[in-house]
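User: I would like to go through this structure by question and answer. Please keep the replies short and say what each term means.

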Amino acid sequence: MAYFVLPGTGKRVYRLAIARRIVDTTARGARDRSPAGFARRRTRVLRRALRPSRRLQIGLGPWLRALPTRLPDPALTAALAKLHPHVRVAYVLRHVEGLPRYAVHDQLVELRVRDPWPVIRAADAFRPPAVRRPERFEPALLRPVRNRSVLPLATAAVLTAALVGALVMTERGAPRAPGLRLVSAAPDAWTRGARTLDAWPARGDLARDRAFTGRAAAAWAAEPAGRRAGGTAQLLYAGHIGGTPVAVMRHGGRLARYSPGGALTVLDAGKDPSAPIALGGGRYLLAPWDGRPETLTGDRLATSDGVTAPTSAGTGCGRGPLFHLGSRTVGDLGGPRAAVLTYHSPAYRPGPTDRPARLGEKAREFWNRLACLTPRPDRPVSAAMAWNFWSGKLPHGGKTADWVCTRLTHPDGATTARAALLAEEARATGLCDARRPVSGTWWRAPSGRWYYLAAAGRGLVPHAEGVRRSTTRKRLLTATGSRDTPVELTAR
């Protein structure tokens with residue numbers, strides 16, 4: 001039981017030796033052979049196997065020399081290693097030990113699992129590969145290994161205590177950072193409730209490495225006031241990104257990205273439940289309920305532990321569409337999380353409900369151009385809509401241009417919308433209404449003369465007060481006047 005519950009790393013001989021050592025350490029002293037005593041011992045074994053101490057690997061020789069000739073089938077171990085530790089315990093108890101569901105439930109409660117039933121259901125749903133039945137060993141051949149004398153250990157403990165006391169005395173008075181405790185959601189939390197950031201499980205090959213995640217938490221707790229986090233934070237990811245260990249933690253609407261060497265980045269990322277999180281190097285951490293992503297050309301984009309393979313926008317500035325997620329296309333606008341991108345052509349008419357749709361080739365080309373012109377947002381962005389509400393040729397010798405209203409939606413539901421005229425030189429033209437877009441600006445024609453130009457969305461006509469001799473053709477208003485005179489622009 002201890003062997004199969006241990007994390008699935010390392011060689012079988014070492015795993016089995018550590019498992020035997022865990023069992024042996026619970027067999028010292030008078031043994032209570034009653035059912036209650038056996039249950040207490042089983043709980044102690046499971047707790048140590050769930051989170052094996054590194055000290056168990058020190059002085060492992062006697063247990064390695066006492067291994068049986070036959071070792072368990074590695075196929076089941078490899079399959080169980082992919083499960084969450086609590087699900088692995090439930091599977092071993094149910095399908096290796098043969099305990100009934102109520103007994104597994106009570107055992108998980110003893111192991112301080114908050115909600116055991118979903119864990120048990122996940123274990124029952126697990127289908128391992130075809131393997132031999134887990135092998136049981138003869139008790140007579142597995143007598144507890146005799147340990148060394150406790151005198152050297154006692155001496156070492158006394159010396160260690162003295163050294164710790166000396167360190168405490170020398171460091172007395174030094175400021176200590178407030179503690180930060182990391183928690184993680186159950187692996188199936190997102191399947192049995194609201195799909196929020198709170199339901200994201202901790203993923204990555206280092207998510208169970210307490211030493212690494214502890215250093216990450218300590219680094220965030222030691223940040224200056226205004227950036228530090230205290231109390232409890234959620235671990236979203238801990239693993240290797242391009243060979244570098246990276247941890248991502250969340251506290252409210254803030255994210256902290258940690259890598260060894262003290263490099264810690266704290267970002268305001270909002271509470272959007274689905275927006276992919278940038279991990280660096282072109283990789284993104286996806287929501288657990290998102291399906292497999294696809295490249296912009298429709299090919300599969302590889303993922304591992306919810307992290308995409310490196311991907312980047314095909315623009316010189318590095319911002320723009322990235323990949324498809326189901327019916328959505330997400331892109332990089334320079335923030336800590338990818339945003340859902342949508343596009344509307346000049347023929348678009350607002351409907352009662354506008355659902356995101358994948359960007360086609362023309363829409364991606366437009367966003368590739370627009371993304372580099374869009375200033376980096378100073379707040380998290382969950383969605384961005386670009387409505388190319390007017391497209392045509394500018395008057396008096398001007399070239400083809402597009403007038404676009406770009407609306408950014410923030411995780412709290414607030415929106416900001418700004419217009420821009422994309423001509424030979426792009427220029428911002430102020431705020432716009434994303435439902436009834438109209439915008440205007442002073443523009444210099446190739447002849448050198450200045451004109452006031454204004455355009456409106458389909459079904460609207462622009463009207464300007466404060467200009468002279470205005471004409472409107474195909475929803476484009478052209479007027480003369482003084483650039484110092486305020487202009488009041490409306491659309492009807």
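User: In which hand of crossing does H6 pass H7?

Analyst: This is a predicted model, in which local features need pLDDT of at least 70, side-chain atom pairs count only at pLDDT 80 or more, and totals for chains, interfaces and linings use all residues. Residues are numbered from 1 along each chain as its sequence is written, and side-chain values use heavy atoms, with hydrogens and water left out. Helices are DSSP runs of H or I of at least four residues, strands are runs of E of at least two, and both are numbered from the N terminus. A crossing is left-handed if the near helix is turned anticlockwise from the far one by less than a right angle and right-handed if clockwise; that of H6 and H7 is right-handed.

User: At what angle do H6 and H7 pack?

Analyst: Axes are lines fitted to C-alpha atoms, for helices over the stretch in contact, and angles run from 0 to 180 degrees between N-to-C directions. The axes of H6 and H7 are 10 Å apart, and the angle is about 145°.

User: Which residues of H7 meet H6?

Analyst: Contact means heavy atoms within 4.5 Å. H6 brings His 86, Val 89, Ala 90, Leu 93 and Arg 94; on the H7 side are Arg 101, Val 104, Gln 107 and Leu 108.

User: Is His 86 buried or exposed?

Analyst: His 86 belongs to helix H6, residues 85–96. Buried means under 20% relative accessible area, exposed over 50%, and partly exposed in between (1.4 Å probe, protein chains only). The relative accessible area of His 86 is 17%, so His 86 is buried.

User: Which helix gives the largest share of the largest nonpolar core?

Analyst: A nonpolar core is a set of buried Ala, Val, Leu, Ile, Met, Phe, Trp, Tyr and Cys residues joined through side-chain atoms within 4.5 Å. The largest has 39 residues, of which Leu 80, Val 89 and Leu 108 touch the most other members. Several helices each supply at least two residues, including H7 (101–110) and H8 (116–125). The largest share, 7 residues, is from H6.

User: Why is one side of strand E17 and of strand E20 left without a neighbour in the sheet?

Analyst: Two strands pair if DSSP finds at least two bridges between them. The open sheet has 4 strands in the order E17-E18-E21-E20, with antiparallel pairing. E17 (438–444) and E20 (468–473) have one side free because each stands at an edge, with a single partner strand.

User: What is the bridge partner of Ala 454 in E21?

Analyst: E18 (residues 450–456) and E21 (residues 476–480) run antiparallel and are joined by 4 bridges. In E21, Ala 454 is partnered by Leu 477.
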